[in-house]
Each structure stands twice: as structure tokens, then as C-alpha cells.
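Open the model in the viewer and keep a selection command at hand. The stops below move from one helix to helix pairs and then to single residues.

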Amino acid sequence: VLVRKQALSCLVSTCRQQIQKYTSAAAPVNEATLANDMDLPARIISNALLQAFARDNDDGLKNFASGAVSELLFAPLESRKDKRLPCVWEILSRFSHEHLQLLARVSALLSKQHLIKPSVVKTLQAEIRAGTRSRGAFELLANLSGNAAGPLDADLILECYEQKKSMLTAGVAAEVEDFANILKLMAQLALPTEQAEPIVSELLQALTQVKPYHTLMPPMLRLVVALSPSRKAAKEHLQELLRECQAKLQEFCRTRSIPGVELPKLGITATKFILLIGDLALLRDDTEAQRPMVKVAHQVETYLQAIIQATVAQEPASSDPGSPPSTLGPVTPFRSLSGSSGTPGWTRTPGPRTIDPDLSQYSLLSLSQMSQVSCATARDFGEGGPIPAPLMSAALLTFGRLCLVSEQLAKKYIAVFVNQLRKSSHEIIKANILAILADLCVEYSGSVDKFVPVMSWCMGDKSVLVRHTAIVLLTQLLAEGFIKWKNNLFFSFLVAVADDHRIVAHFAESALVKVLLPKHPNLFFNHFMESIFVLAGYQGHP
């Protein structure tokens with residue numbers, strides 16, 4: 001711990017020197033020079049300080065990292081006249097979305113400890129009003145104001161909403177996160193009824209259309225709840241929206257068997273409404289012991305089962321099978337992966353790269369063993385063409401969310417998800433099933449624990465996306481104690497360290513050495529001999 005703290009201290013000193021170099025310059029520094037000088041501090045803060053805050057087990061080191069972030073990024077924000085302010089905005093402009101999320105966690109913690117002054121919120125709002133720098137400003141403001149770090153300027157937030165509300169129906173991907181944070185900020189405003197009602201109507205109308213990005217739907221729903229005049233009115237709005245989604249789902253199931261219907265185009269509409277049903281199912285009433293805000297009809301479960309049983313359309317082959325995947329970002333539970341096709345053509349070098357667990361003991365259910373679909377529903381669904389992979393993925397995600405709010409449903413169908421994970425050849429579907437199982441592990445660890453070997457098996461999958469997703473989720477579950485080091489889980493991580501793909505191998509090594517090993521210091525020592533046999537591919541040892 002002392003060595004790690006000393007290393008961080010040296011890096012923080014480097015950041016101070018770089019910022020001091022800018023503030024003490026005799027002549028004005030041009031933008032190119034500023035960008036070059038702030039490259040190193042940005043990398044130190046994002047890859048060292050924020051990572052130490054998120055992953056280190058020592059509370060003292062976490063406090064040191066958060067204090068350094070406060071000194072380097074939040075202290076200059078206390079005044080718009082601070083000479084270090086351009087450095088802060090240049091650093092924030094270099095942060096990825098994941099780094100901004102980590103920074104938001106730091107800001108929330110510091111705000112709860114009353115270590116961030118209200119003037120920081122005032123500076124962020126002034127910068128947003130000026131329109132000069134907004135990268136990260138909305139995300140920080142949403143977290144700081146939510147923890148009472150300072151008062152919000154209601155007129156500014158409403159003005160930003162009016163300027164960007166076209167994104168409700170035709171958003172620009174690059175601005176979606178900012179608009180989602182504007183919606184979160186609006187939920188914190190105490191608006192009069194005459195101002196709130198038109199906004200609620202706009203949100204409900206937009207939610208019934210196909211256009212909104214899926215990442216916008218949860219904050220839109222929460223804003224509907226926050227701006228409704230009463231809990232009863234909010235529930236009525238949401239229940240009516242759910243009925244419309246159920247009608248759209250039923251319409252899709254009836255229409256797909258009609259000759260000449262463009263199933264991919266129809267599937268896009270159905271995908272959006274299926275995901276919206278899942279978002280509605282997860283909403284909780286804070287005033288009524290976290291009870292669901294809406295009740296999903298049993299018929300929806302039946303339709304989702306029918307979609308899951310359908311044949312999945314074949315994905316197009318990758319135009320460049322040898323190229324690396326376009327994204328390998330961390331996958332959080334129930335994050336939709338249906339928007340990316342990945343690299344289905346990516347192949348691996350044959351060899352002893354996977355550990356196939358013995359699954360015979362688990363009595364896995366087949367899809368035909370799911371609860372029987374009613375005759376009426378079976379007729380509605382028809383015998384149409386193959387289901388697009390994104391639609392199948394959305395159906396699995398939403399069905400997983402229904403299991404998340406119903407333990408009885410979860411226990412009944414967990415094995416169905418596991419069976420799909422084993423049999424599916426579509427990487428998007430498999431990655432999303434892994435996310436479902438990870439959340440179910442958190443909620444019902446006793447029911448999912450016996451299927452962890454199947455999840456670890458995915459660390460040797462032919463898809464880079466699936467392998468990376470499995471490593472991310474299993475690392476999170478192990479680090480937080482939701483699953484234990486059983487069966488061949490440790491050896492699966494060792495195999496991942498020797499992965500053919502450089503990014504996957506590096507991530508697996510970092511997960512083992514930096515995250516898991518500090519919690520289990522004797523991990524390698526206890527499995528030393530077996531590790532040699534696994535890495536050498538030797539199968540003669542009993």
C-alpha cells in the first residue's frame with residue numbers, strides 16, 4: 001500500500017508541474033500547446049487516480065486518490081477566474097465515457113462529505129450557459145446537485161431542455177449522454193404543475209415512437225414520475241404506456257407471419273417497445289417499500305417466450321474478419337448490446353484454450369420445456385421468418401428483467417438462459433445473456449451459483465466480445481463476493497491471460513493481478529502445480 005501511495009504521489013506531483021507550467025507562462029499559451037501539455041495529466045488522472053479510487057481495496061489509498069482528483073479538477077472549478085480552469089476543461093475533453101462515470105462517482109462521494117463548495121456548481125452552470133465547454137459538465141452537475149452541493153438554476157436547465165428536446169425523436173448519438181443528464185437534472189427541479197404537464201405529455205408522446213435512444217428511456221420514465229402531480233397520476237401514465245407497448249408487441253407477433261412483411265423493419269419497432277417494457281418493469285415506488293410502479297401482464301411473458309423460441313436470423317459475415325472488434329468497452333449488467341454487430345468472423349487459433357465444464361449434472365431445460373404458450377398466443381405468433389438477432393437479444397433482456405423482479409419466475413427460467421448461452425451462435429445474444437446472469441447472480445446468488453461454470457466457459461468463446469464480456473462480469477462478481485472461486489474458474493482466468501487477442505489478454509491479466517489477487521493473496525500459491533498443467537495443455541494429470 002505504501003508503494004502504491006508513493007507512486008500515486010509522484011504522479012500527482014507531475015500533474016501539478018504540468019498545470020503550473022501553463023499558469024506561470026509569461027505569454028499566452030495557444031490551444032495546440034495546451035492540448036499537448038495536458039495529455040499526460042489527463043492520462044494520469046484517468047488511468048491512475050480514478051482507477052485507484054474504483055479498484056483499490058485500501059480505504060486510505062482511495063481517499064488519497066479522491067483528494068488528488070478534488071485538488072486537480074474540482075478546486076479550479078470554484079471560480080471562473082482561476083487560471084487553471086482551461087487545463088481542467090482540456091483534461092475533461094480527453095476523458096472517455098467510462099472515465100467520466102468514474103469521475104461522477106468521485107464527485108458524488110466528495111459532495112456527500114461536503115468537500116465540494118457550492119461555487120463549483122455555480123461555475124459549471126456558468127460554463128454551460130456560456131456554451132464554451134460542456135464536455136463532462138452536465139454529468140458532473142447531475143451528480144453534484146443530486147447530493148446538495150449547490151442550488152440548480154432552473155431556468156438554465158429548462159433552456160437546455162428546450163434546445164435539445166428534438167433528441168427525444170431524432171437524437172445525435174454524440175449528444176445523447178448530455179441530454180440524459182439534462183433529464184436527470186430536470187427530475188431534481190420543483191416545477192409548478194403548469195410547467196410540468198406539457199413536459200410530461202412530450203415525454204409520453206416521444207416514448208410511444210420508435211426514435212428515442214434506449215439509453216434515454218430510463219431517465220425519461222423517471223422524469224415522468226418526478227413531474228407527475230401525484231404517485232397515482234404517475235402510475236396511471238406508466239400503466240397506459242405499458243398497455244400501448246403490450247399492444248405493439250402483440251401486433252408484431254400477429255403480423256410477422258403475413259407474406260411480404262418486412263420483418264427487419266418491423267423488428268426494429270418491436271425491439272424498442274420490448275426494451276421499454278423492461279425499463280417499465282424495473283421502476284420502483286420509493287414511497288411504497290420499493291414496489292413495482294406497474295404490473296406487467298402475464299401475456300407479455302408468454303409473447304416473450306414465443307420470441308425466444310423462434311429461429312434467429314443469420315448475421316452477415318464480417319467484411320474484414322481479421323480486423324479487431326470496434327469496441328471492447330466494459331459491459332454493465334443489462335446494458336443493451338443490440339446496436340453493435342461485433343466481429344462474427346473473428347476466429348481463434350486451435351489449441352487447449354477452453355475448459356469445457358461437465359454440464360450433465362445441471363439438468364438444463366430446453367426451450368421446449370418452457371411453460372406452454374397458450375393456443376391463442378401461438379396462433380398470434382404464427383410461423384413467420386427468422387427473428388433478427390437484436391430483437392431476440394431485446395426479448396431475452398426484458399425477460400431477464402422480469403425475472404429480476406420476480407424470484408419465482410427467475411428460479412423457473414434461469415436454466416433457459418443458460419441453455420441459450422450454450423447453444424446460441426450470435427455474440428450479441430450471448431453477451432447480453434451473460435449480463436442477465438450477472439444481475440441474477442447479484443439478486444439470487446443461490447439459484448445461479450451452480451451455473452457459474454457455464455459463464456466461465458464463455459471466457460474461451462470464439463467471439464472477442466463474448467470473451468471480454470465474460471471476464472468483465474465475472475471479475476465484478478468475484479470482487480464483490482457474489483460468487484466464489486469454485487470448480488475451474490481460476491483456470492479459466494489463466495487461459496484468458498494467454499488469449500490470442502492482446503486487449504482481452506491484457507484485461508484478464510489486470511483483473512487477476514490488480515483486482516482479484518489483492519483480495520485473495522494465496523490464489524496462485526494454492527493452485528501453482530495445477531496452473532502449470534493447464535497452461536501447458538497437459539491432460540494426463542488426474
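Which residues are buried in α4? Select residues 85–93, the span of helix α4. The buried ones are Leu-85, Cys-87, Val-88, Trp-89, Glu-90, Ile-91 and Leu-92. That is 7 of the 9 residues of α4, so the helix is mostly covered, where buried means under 20% relative accessible area. Keep in mind throughout that this is a predicted model.

**The whole chain**

Now select the entire protein chain. Its secondary structure consists of 26 helices and 2 strands. The chain has 542 residues, and 49% of them are buried. The exposed surface of the chain comes to about 25,300 Å², with 53% of it supplied by carbon and sulfur atoms. Of the contacts with a sequence separation of 6 or more, 75% are between residues 24 or more positions apart.

**Helices α2 and α3**

Select residues 31–55 for helix α2 and residues 59–74 for helix α3. Their axes come within 8 Å and cross at roughly 140 degrees. α2 and α3 are therefore oblique to each other, because an angle counts as roughly antiparallel when it is over 145 degrees. The crossing of the two helices is left-handed.

To see the contact, show side chains on both helices. From α2, pick Ile-45, Leu-49, Leu-50, Ala-52, Phe-53, Ala-54 and Arg-55. From α3, pick Lys-62, Ala-65, Ser-66, Ala-68, Val-69, Leu-72 and Leu-73. Coloured by class, the residues of this contact divide into 11 nonpolar, 1 polar and 2 charged.

**Helices α18 and α19**

Move on to residues 407–423, helix α18, and residues 427–443, helix α19. Here the axes come within 9 Å and cross at roughly 150 degrees. That angle makes α18 roughly antiparallel to α19. α18 passes α19 in a left-handed crossing.

On the α18 side, select Ile-414, Phe-417, Val-418, Gln-420 and Leu-421. They meet Lys-430, Ile-433, Leu-434, Ile-436, Leu-437 and Leu-440 of α19. The contact of α18 with α19 has 9 nonpolar residues, 1 polar and 1 charged.

**Helices α17 and α19**

Keep α19 selected and add residues 389–404, helix α17. How are α17 and α19 oriented to each other? They pack at an angle of about 5 degrees, with axes 9 Å apart. The two helices are therefore roughly parallel to each other.

In α17, the residues to show are Ala-389, Met-392, Ser-393, Leu-396, Leu-397, Gly-400, Cys-403 and Leu-404. Their partners in α19 are Ile-428, Ile-429, Asn-432, Ile-433, Ile-436, Asp-439, Leu-440 and Glu-443. This contact divides into 11 nonpolar, 3 polar and 2 charged residues. Among the α19 residues listed here are Ile-433, Ile-436 and Leu-440, which also appear on the α19 side of the contact with α18.

**Single residues and distant partners**

The remaining stops are pairs; draw a C-alpha to C-alpha distance for each.

- Ser-111 sits in helix α5, residues 97–112. Is Ser-111 buried or exposed? It counts as buried because its relative accessibility is 2%. Add Asn-143, which is 32 residues away along the chain, and the C-alpha separation reads 8.4 Å.
- Gln-195 belongs to helix α11, residues 193–207. Its relative accessibility is 36%, so Gln-195 counts as partly exposed. The C-alpha atoms of Gln-195 and Leu-158 are separated by 9.9 Å, with their positions 37 residues apart along the chain.
- Arg-231 is in helix α13, residues 231–255. With a relative accessible area of 29%, Arg-231 is partly exposed. Select Met-293 as well: Arg-231 and Met-293 are 62 residues apart in sequence and 9.0 Å apart in space.
- His-520 lies in the loop between α24 (502–516) and α25 (523–526). His-520 is partly exposed, with a relative accessible area of 29%. For the last distance, pair His-520 with Trp-485: they are 35 residues apart in sequence and 9.8 Å apart in space.

Key
Residues are numbered from 1 along each chain as its sequence is written. This is a predicted model: local features need pLDDT of at least 70, side-chain atom pairs count only at pLDDT 80 or more; totals for chains, interfaces and linings use all residues. Side-chain values use heavy atoms; hydrogens and water are left out. Helices (H or I, at least four residues) and strands (E, at least two) are DSSP runs, numbered from the N terminus. Buried means under 20% relative accessible area, exposed over 50%, partly exposed in between (1.4 Å probe, protein chains only). Contact means heavy atoms within 4.5 Å. Accessible areas come from the Shrake-Rupley method with a 1.4 Å probe; for residues, only the protein chains shown count as cover. Axes are lines fitted to C-alpha atoms, for helices over the stretch in contact, and angles run from 0 to 180 degrees between N-to-C directions. Angles under 35 degrees count as roughly parallel, over 145 as roughly antiparallel, 65 to 115 as roughly perpendicular and the rest as oblique. A crossing is left-handed if the near helix is turned anticlockwise from the far one by less than a right angle, and right-handed if clockwise. Ala, Val, Leu, Ile, Met, Phe, Trp, Tyr, Cys and Pro count as nonpolar, Asp, Glu, Lys and Arg as charged, and the others, Gly among them, as polar.
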